[in-house]
Each structure stands twice: as structure tokens, then as C-alpha cells.
Amino acid sequence: MPQTLTAPFTTLSHPSISAPKGFHADGQHVGLKHKAKDLGWLISDVPAAVAGVFTTNQVQAAPVQVTKQTIQNGQLQAIIVNSGNANAVTGQIGLTHAKMMQTTTADKLGIAPNLVGVASTGVIGQILPIDTVTAGIHQLQHDGDPQGFAHAIMTTDTNEKAVTIQGTIAGKRVTMSGVAKGSGMIHPNMATMLGFITTDANITSSLLQQALSEDVETSFNQITIDGDTSTNDMVLVMANGQADNPLIAQDDAVYEQFKAMLHHVTTTLAIAIANDGEGATKLITVTVSHAQSATAARLIAKKVVGSSLVKTAMFGKDPNWGRIIAAIGAAETAISPDTIAISINDYPVMQAGAPVAFNQTALANSLEDPHITIQIDLNNGAATGQAWGSDLTYDYVKINALYTT
């Protein structure tokens, strides 16, 4: 009998990373930060299929190196995460500490170390106080505070980023949840700062990896805040099969429906990160239409939303569309300048490569809105793409000028 998924899926009003069957989570304050939660874990009742994407920065933190190796077996049962210290650029001692986090967690849960992923976020180049971390692992509860986990992974974030959705596959309810952190050093070439997704769907690890690898190109990879790619970026997806749906083992219509659920989760988290940029006052959405390819559309959209000049113009409520067309021209893809049309908040400012008369006062007033849209029509094809980012403010400079002091 063919598998079916009831559409559309629903979004729950109270998201929880432990909402899928068989998952548990907790987050505690253990002393890595002054008073905020700084250590958390995710646990599955059974080993889960796992997929991961990691930073493309050539400098990769110890937990990234350890977890990349760990998930090669296609399974994971737990993830231990700390904030307040990135354990990056810490040499051999950093690798030793990441493995100690892994083995201490495994010992407490009574599982094999190669079923435990490790992640860290925080200041680069500081030795992790491992005794504090290992003691903290023993404070974590099996059925603890799932919201505490979302808080434990935060650094300069001003709010938690979480989503839970449900759908039905072959008569079985499938739940998928995600949490993420990130508000600075965001210009991922794989995923976001840290993201964790749980689902009780039954899917092979190879298809799960395929789905995640394809999805990040249109979700996490399309956000940018400051143009910097972190040493610690990591997204992990765990699927433990507890929904008991027939195994998704081939690239068919049901797999595409699973991917649609995954894309909703990743895009929701990506936009939440863009909306919480350090010091940000506005979310900027750039939509490129009628491009020669989806890759070109995404490239241009991200180039525009990543432009410091565009970001500062949006912060200053300055409808300087010249900065937008300049960013488009700087993208490493072919364009036809004489066919391009640009609108800001639905106000046309350029048509066929030439200026359009517009009410500058009205447009400037519209830029006071917390969500700004930039529409770019290349009139050169049929493909579309989007990217998301934030404005660049005085507070961004203040936050990062004083980050370690």
C-alpha cells in the first residue's frame, strides 16, 4: 500500500524540542556563564537516524571535529551542548575535553560514546573548564526542562528560537521540532550557528542526510547578519522512528512531504535567527524573481541582504536603492542591468534599469516597519530565490566591541 501524508501539517502554539515521541531534554546553569543556563542535552529513548551539516570555516572547533566523526555511523542517541565557551582553537586539549563531554554523557546515560554528539558555542580561544562541564552533566535530568535546553544554547540571542509541527504519514502522526541559536557571526555556508531538530519519523539515515543537505541551501544558507562564518556552526537532525510510520526509504512523494516538513522547520528557525541579529531593529527579506537559475536568484538575494551599505540604509530609513543595484552587480552571477526592476516595501524605485519617480517621504516612513521587503525582478528567466537578514545598527558595534570584556 502506498504511503500517504495528510497535508497541510499543523504548527503547534507551544513548541518543544522534546515533543516528538521518545525524546527528552533539559538545560541547567552550571557555572560557565554568570547566571544564565549554559549546559543542556537532548536524549532519544532509542538510537536515532542522524544527519548533520557543519561549518565550512577551515578553522573548526573541537566539538565539530568530534561530532563529524561520531555521526559517520548514521546513528545518535544523545547530544550534549554548552554555551559560554566555544572550545575552538584550543589545540589537543580541546579535543580531549570534547571527548570527555561525550564519554561523561554516555556513562551517565548508559549508552556507547559513539552515540553522543557534542556541540559548544561562545568565546573562541579559551580553554573549556572541563571540571565544571562534567560536574554539570551530572546535574542534568532525563525528563528535565525542554525550554531550558533552548535557553542553554543561547549566547547573545535575545529570545529562544523554536518550532514544532505535526503531520500524518500512513495514518501515523509524525512530529518534528527544532531549536536554534544565533544572532551574530552569521553568514553560514552550511547551516546556522547551532541548530537541533528532532522527529519521530521513521526514515533511513541516508535519506535524512540527503534531505538536510539539500534543504540548507534554501534555508539556513540564505541568512546573513554580519558576513562572518563561525568556527562552531552545526545542525543535527535526529529521527528515532517512534511514530511507527512505514520506513521512508526511497526518494518518492512521501519523502518530498517529509522534506516539506523539514523545510518549514529550518526556514522558520533561519528567519528567527535573522530577526534576532545582534542589535537589530529590522528583519529584511529579499526576494529575487525571474532569474536564470535558482542558484543565481539565491546568490543575488544573499548578496543584497548581506551588504553593509544596504543594511545601514535600512536602519537609517534611507530609501537609497542605488545600494541595492550596486550589490546586485557585485554578485558573482551574470545579469542584464537594463532589464532589472526593484521595489522596496512594494514601492517601485527602478524599472528596466532606470529610476522610477516615487514618494520618497512615504517610502522612508514605511522603512520604520520592523519587517522590510526588497523585491528584485531580473526579467531574465523563471527561477526565484529568497534571503533574510537584519539591519546594521550602532548596538551591533557596541555588542561586538565589548564581547569579551
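# Working around V305 and beyond

V305 is buried, with a relative accessible area of 1% (buried means under 20%, exposed over 50%, and partly exposed in between, using a 1.4 Å probe and protein chains only). This is a predicted model, where local features need pLDDT of at least 70 and side-chain atom pairs count only at pLDDT 80 or more, while totals for chains, interfaces and linings use all residues. Residues are numbered from 1 along each chain as its sequence is written, and side-chain values use heavy atoms, with hydrogens and water left out.

**Exercise 1. Find the helix that holds V305, and list what V305 touches.**

Step 1: look in helix α7 for V305. Helices (H or I, at least four residues) and strands (E, at least two) are DSSP runs, numbered from the N terminus.

Step 2: skip residues up to four places away in sequence, and V305 touches T224, I284, V286, K311, A387, W388 and G389. Contact here means heavy atoms within 4.5 Å.

Step 3: zoom out to the whole helix. α7 covers residues 294-305 and lies across β9, β11 (283-291), β15 (371-377) and β16, at about 20 degrees to β16. For such angles, axes are lines fitted to C-alpha atoms, for helices over the stretch in contact, and angles run from 0 to 180 degrees between N-to-C directions.

Step 4: try a long jump along the chain. L208 is 97 residues away from V305, and their C-alpha atoms are 30 Å apart.

**Exercise 2. Put the strands of the 7-stranded open sheet in order, and say which stand at its edges.**

Step 1: the order reads β9-β16-β11-β15-β12-β13-β14, and the pairing is mixed. Edge duty falls to β9 (223-224) and β14 (354-355), each with a single partner strand, so one side of each has no neighbour in the sheet. Two strands pair if DSSP finds at least two bridges between them.

Step 2: follow β16 (residues 383-390) to β9, and you get parallel pairing over 2 bridges. T224 has G389 as its bridge partner there.

Step 3: now go from β16 to β11, where the pairing is antiparallel over 7 bridges. This time T285 is matched with W388.

Step 4: check how covered β16 is. Of its 8 residues, 6 are buried, so β16 is largely enclosed by the rest of the structure.

**Exercise 3. Describe the hairpin made by β6 and β7.**

Step 1: β6 and strand β7 (residues 172-181) pair in the antiparallel sense over 9 bridges, and I165 stands opposite M176.

Step 2: the turn puts 2 residues between the strands, and A170 in it has a positive phi of about 50 degrees.

Step 3: strand β6 (residues 161-169) has 7 of its 9 residues buried, so the rest of the structure largely encloses it.

**Exercise 4. How many salt bridges are there, and which residues make them?**

Step 1: apply the rule, a side-chain nitrogen of Lys or Arg within 4 Å of a carboxyl oxygen of Asp or Glu. The count comes to 2.

Step 2: D157 and K161 meet at 2.8 Å, N to O. D157 is buried at 8% relative accessibility, and K161 is buried at 2%.

Step 3: K259 bridges to E214, with the closest N and O atoms 2.5 Å apart. K259 sits in helix α6 (residues 253-275) and E214 in helix α5 (residues 205-215), so this pair ties together parts that are 45 residues apart in sequence. E214 is partly exposed, at 37%.

**Exercise 5. Is T105 buried or exposed, and what does it touch?**

Step 1: T105 belongs to helix α2 (residues 91-109). Its relative accessibility is 0%, so T105 counts as buried.

Step 2: leaving out residues up to four places away in sequence, T105 touches W41, I80, V116 and I137.

**Exercise 6. Which residues form the nonpolar surface patch, and where is I124?**

Step 1: the patch is V59, V89 and I124, with about 240 Å² of accessible area together. Patches take residues with over 30% relative accessible area and no salt bridge, joining like charges within 9 Å and nonpolar side chains (Val, Leu, Ile, Met, Phe, Trp, Tyr) within 5 Å. Areas come from the Shrake-Rupley method with a 1.4 Å probe, and for residues only the protein chains shown count as cover.

Step 2: I124 is in the loop between β5 (116-121) and α3 (130-137), and it is partly exposed at 36%.
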